[in-house]
Each structure stands twice: as structure tokens, then as C-alpha cells.
Amino acid sequence: EANHWIDLADAWLDGNGDADVSRRISALRVRARLARSRGDLAEADALLVRGLALADALDTWNVERIALKLDRAQLHTETFDFALIKANADEALALADAIYGPDHPSRANALSALGISALNRNQLDEAEEYLRRALEIRVLTYGERHHVVAQSMVNLALVLQNNGDPEAALTLYDEARAVAVAVHGEEHSLV
């Protein structure tokens, strides 16, 4: 049913020549998320590429481009296409730095995608560097008691565990669990 409504919205946007490019890009991003949730990664990527083509009509330094590049980097953590992860995350980082500065949450998302990509390639020192910086930004942005901070702790703990530091990994896992309990409660599935 959600696809039906998104198809209608997309048709309306296609039929409206004067529709705001940002709204068209937002609609494509929603469709891409739905395609990704259905496991159709090729369709999701095609929709994001279509959004990037629309973003090219805007000025080079635009927030829509950052969001699309981050979406593509995160999508390709599932396809293990490391070249696409790196290219998209690097561009998102450069744009975020230019627009927002070094401590913006969009940088943390790009750094996290790069860290997960490095972890999947067994480049643990590189992964640790990216994931530590992502965690720092997220703590600055959201505080220590936020589910995104907990997820960053788990990602970093996994790297530390694989890099031969089980004590530091266990400490981070425990901290992440404490955050998850504080945010969601003891009975939540994430705990």
C-alpha cells in the first residue's frame, strides 16, 4: 500500500514541471528506502542515482546531495561495493565539511559507513579511526544516552574485538547495553 501512495506522489511530481526539486529528491529517497527494506538494492540504488541527477541541477554544495551520497554509501555497506561506499562517503564528508563544519551529524554517518566498509575489508586500524570519530561526533550531537550513540559503540567494540582488545570491546559493549536499557527499557528487543 505504501508503494501505491508513493507511486501516486511520484506521478504527481513527474506531471508537475514546476515541482520543487527538493521534494522530488525527497520522494526518490523515500522510494529508495522502501526498495532497500524489500531487499531490492538495485532498485534502491537506481532511485538514488536518479536523485543525484536531479541534485546536479542545484548548486554543487547542497544538502540534498549530501543526503543522497550518504544513502548510497549506507546502501552499499549491504552490497559490499567498497569503491562505491568510499566514493559516496568521501564526497558526503567533503560536502558536509564545506556546508556544516567538522562536527555535524552527517559527517558521523559518512564516517560510520567508511568505518564499516573498512571493517568488512579487515582494515581494522582504518575502521577504528573512522568509527572513533563518528562516535565522538554523535556524543557531541546527541549526548551519551541516545540509541545512535549505542550503535556507534557497538560498531567500535566490534573493531576492537577483532583487533585483539577484548577488554576495551567488552567495556564498550557494556556501555552500549546501558544506553539501550536507558533509552528503550530492559525488555526491548535491542537490549
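Trainee: What does phenylalanine 80 count as at 49% relative accessibility?

Mentor: This is a predicted model, in which local features need pLDDT of at least 70 and side-chain atom pairs count only at pLDDT 80 or more, whereas totals for chains, interfaces and linings use all residues. Residues are numbered from 1 along each chain as its sequence is written, and side-chain values use heavy atoms, with hydrogens and water left out. Phenylalanine 80 is found in the loop between H4 and H5, helices here being DSSP runs of H or I of at least four residues and strands runs of E of at least two, numbered from the N terminus. Buried means under 20% relative accessible area, exposed over 50% and partly exposed in between, with a 1.4 Å probe and protein chains only, so phenylalanine 80, at 49%, counts as partly exposed.

Trainee: What is the phi of phenylalanine 80, which is not a glycine?

Mentor: The residue belongs to the loop that joins H4 to H5. Although phenylalanine 80 is not a glycine, its phi is positive, at about 60°.

Trainee: Which residue in the loop between helix H6 (105-120) and H7 has a positive phi?

Mentor: The residue in question is not a glycine, and its phi is near 65°. At 58% relative accessibility it counts as exposed. Lying in the loop between H6 and H7, it is asparagine 122.

Trainee: How many helices and how many strands does the secondary structure come to?

Mentor: Read along the sequence, the protein follows the pattern α-α-α-α-α-α-α-α-α. The secondary structure therefore comes, by the DSSP runs, to 9 helices and 0 strands.

Trainee: What percentage of the residues of the protein count as buried?

Mentor: The protein exposes about 9,900 Å², of which carbon and sulfur atoms supply 53%, the areas coming from the Shrake-Rupley method with a 1.4 Å probe and, for residues, only the protein chains shown counting as cover. Contacts (heavy atoms within 4.5 Å) also link distant parts of the chain, since residues 24 or more positions apart account for 55% of those with a separation of 6 or more. Of the 191 residues, the share that counts as buried is 41%.

Trainee: How are H4 and H5 oriented to each other, roughly parallel or roughly antiparallel?

Mentor: Helix H4 (residues 63-79) and helix H5 (residues 82-99) pack at about 150° with their axes 8 Å apart, where axes are lines fitted to C-alpha atoms over the stretch in contact and angles run from 0 to 180 degrees between N-to-C directions. Angles under 35 degrees count as roughly parallel, over 145 as roughly antiparallel, 65 to 115 as roughly perpendicular and the rest as oblique. H4 and H5 are therefore roughly antiparallel.

Trainee: Which residues that threonine 77 touches are more than four places away in sequence?

Mentor: Threonine 77 is found in helix H4, and it is one of the H4 residues that meet H5. At 17% relative accessibility, threonine 77 counts as buried. Leaving out residues up to four places away in sequence, it touches Arg36, Ile85, Ala113, Ile116 and Asn120.

Trainee: By how many Å are the C-alpha atoms of leucine 160 and leucine 124 separated?

Mentor: Leucine 160 lies in helix H8 and counts as buried at 4% relative accessibility. Not counting residues up to four places away in sequence, its contacts include Glu128 and Arg132 as well as Ala168 and Leu172. Leucine 160 and leucine 124 are 36 residues apart along the chain, and their C-alpha atoms are separated by 8.1 Å.

Trainee: At what angle do the axes of H7 and H8 cross?

Mentor: Among the residues making the contact are Leu124, Leu131 and Leu135 of H7 and Val149, Leu156 and Leu160 of H8. The axes of helix H7 (residues 124-142) and helix H8 (residues 147-162) come within 9 Å and cross at roughly 160°.

Trainee: How many nonpolar, polar and charged residues are in the contact of H8 with H9?

Mentor: H8 and helix H9 (residues 166-184) pack at about 165° with their axes 8 Å apart, and they are therefore roughly antiparallel to each other. Met153, Leu156 and Leu160 are among the H8 residues that meet H9, where the partners include Leu172, Ala176 and Val179. Ala, Val, Leu, Ile, Met, Phe, Trp, Tyr, Cys and Pro count as nonpolar, Asp, Glu, Lys and Arg as charged, and the others, Gly among them, as polar. The residues of this contact divide into 14 nonpolar, 3 polar and 1 charged.
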